[in-house]
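Hi everyone, thanks for making time for this one. I'd like to walk you through a model and go helix by helix, then pick out a few residues. Have a look at the screen.

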Amino acid sequence: MNTKISNAIILIDMAFRFEELNVWHKAVDASNEIDLITKNFPVEERYSLSSQLKKAADFVVLNIAEGSTGQTIPVFKQFLNIALRSAIEVVAGLFLAKKRNYIAENLFRKLYEDYELLSKMITKLRNSL
């Protein structure tokens, strides 16, 4: 009986396919980091660069999730392409934030490396389908 309860809990905890994807978890972590750093941007950036960076980071997460659930392989690949483009948009936004002195070089490097790895993971997943 405990096994069935245990299995039921596992099924409830992992109800969606994207939850099994390491790339999705990496995207969630990266998006949370973007959310944290943009809170330190100047107020005048609230509705421009800050908002754009947060949206792009969130779109990576959301497109991986949406594409992975109940889609055909070509459709999933299309969503992964969108996620990849959004990750690249985050990197471009990070360059702007660094140039405008909103983030330090060491933070830029860390986030750049996170998104470089994430982009490679998305590409590898897409190519493996």
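**Two helix pairs and a few side chains**

Let's begin with helix α2, residues 22-38, and helix α3, residues 49-68: their axes come within 9 Å and cross at roughly 165°. Since angles over 145 count as roughly antiparallel, α2 is therefore roughly antiparallel to α3. The crossing of these two, α2 and α3, is left-handed. And please keep in mind throughout that this is a predicted model.

Who makes the contact? From α2 we have V23, W24, A27, V28, S31, I34, D35 and T38, and they meet S50, L53, K54, A57, D58, V60, V61, I64 and A65 of α3. Sorted by class, the contact of α2 with α3 has eleven nonpolar residues, with three polar and three charged ones besides.

One of the polar ones deserves a stop. S31 sits in helix α2, so is it buried or exposed? With a relative accessible area of 6%, S31 is buried, because the cut-off for buried is under 20%. Leaving aside residues up to four places away in sequence, S31 touches A57, D58, V61 and Y115. A57, D58 and V61 are also on the α3 side of the contact we just went through, while Y115 is one of the residues of α5 that meet α4. Keep Y115 in mind, please.

There is another serine to look at, S51, and this one lies in helix α3. S51 is buried too, with a relative accessible area of 19%. Its partners, again not counting residues up to four places away in sequence, are E45 and R46.

Let me step back to the overall picture. How many helices and strands does the protein have? The secondary structure comes to five helices and zero strands, and reading along the sequence gives α-α-α-α-α. The protein has 129 residues, of which 36% count as buried. If we take contacts between residues at least 6 apart in sequence, 72% of them join residues at least 24 apart.

On to the second helix pair. The axes of α4 and α5 come within 10 Å and cross at roughly 170°. That makes α4 roughly antiparallel to α5, and their crossing is left-handed.

The residue list here goes like this. On the α4 side you have F76, K77, L80, N81, A83, L84, A87, V90, V91, L94, F95 and K98, and they meet E105, F108, L111, Y112, Y115, S119, I122, T123, L125 and R126 in α5. By class, the contact of α4 with α5 divides into 15 nonpolar, three polar and four charged residues. There is Y115 again, in the α5 part of that list, and you'll remember that S31 touches Y115.

What about the loop between α4 and α5? N101 lies there. N101 has a positive phi of about 65°, although it is not a glycine. At 67% relative accessibility, N101 counts as exposed.

Last topic: aromatic rings. How many aromatic pairs does a search of the whole structure find? The search finds six. One of them is F16 with F18, which is stacked, at 5.7 Å centre to centre and 15° between the planes. Are these two residues buried, or exposed in part? F16 is partly exposed, with a relative accessible area of 43%, whereas F18 counts as buried at 14%.

Another pair is F95 with Y112, and this one is edge-to-face: 6.0 Å centre to centre, with 90° between the planes. Where do the two rings come from? F95 is in helix α4, residues 73-99, and Y112 is in helix α5, residues 105-128, so the pair links parts of the chain that are distant, 17 residues apart. F95 is partly exposed at 38% relative accessible area, and Y112 counts as partly exposed at 26%. Both F95 and Y112 also appear in the contact of α4 with α5.

One more thing on rings, which brings us back towards the start. Ring pairs link F16, F18 and W24 into a cluster, and W24 is one of the α2 residues that contact α3.

That's my tour. Happy to take questions.

How values were computed
Residues are numbered from 1 along each chain as its sequence is written. This is a predicted model: local features need pLDDT of at least 70, side-chain atom pairs count only at pLDDT 80 or more; totals for chains, interfaces and linings use all residues. Side-chain values use heavy atoms; hydrogens and water are left out. Axes are lines fitted to C-alpha atoms, for helices over the stretch in contact, and angles run from 0 to 180 degrees between N-to-C directions. Helices (H or I, at least four residues) and strands (E, at least two) are DSSP runs, numbered from the N terminus. Angles under 35 degrees count as roughly parallel, over 145 as roughly antiparallel, 65 to 115 as roughly perpendicular and the rest as oblique. A crossing is left-handed if the near helix is turned anticlockwise from the far one by less than a right angle, and right-handed if clockwise. Contact means heavy atoms within 4.5 Å. Ala, Val, Leu, Ile, Met, Phe, Trp, Tyr, Cys and Pro count as nonpolar, Asp, Glu, Lys and Arg as charged, and the others, Gly among them, as polar. Rings of Phe, Tyr and Trp (its six-membered ring) pair if their centres lie within 6.5 Å; planes under 30 degrees apart count as stacked, over 60 as edge-to-face and the rest as tilted. Buried means under 20% relative accessible area, exposed over 50%, partly exposed in between (1.4 Å probe, protein chains only).
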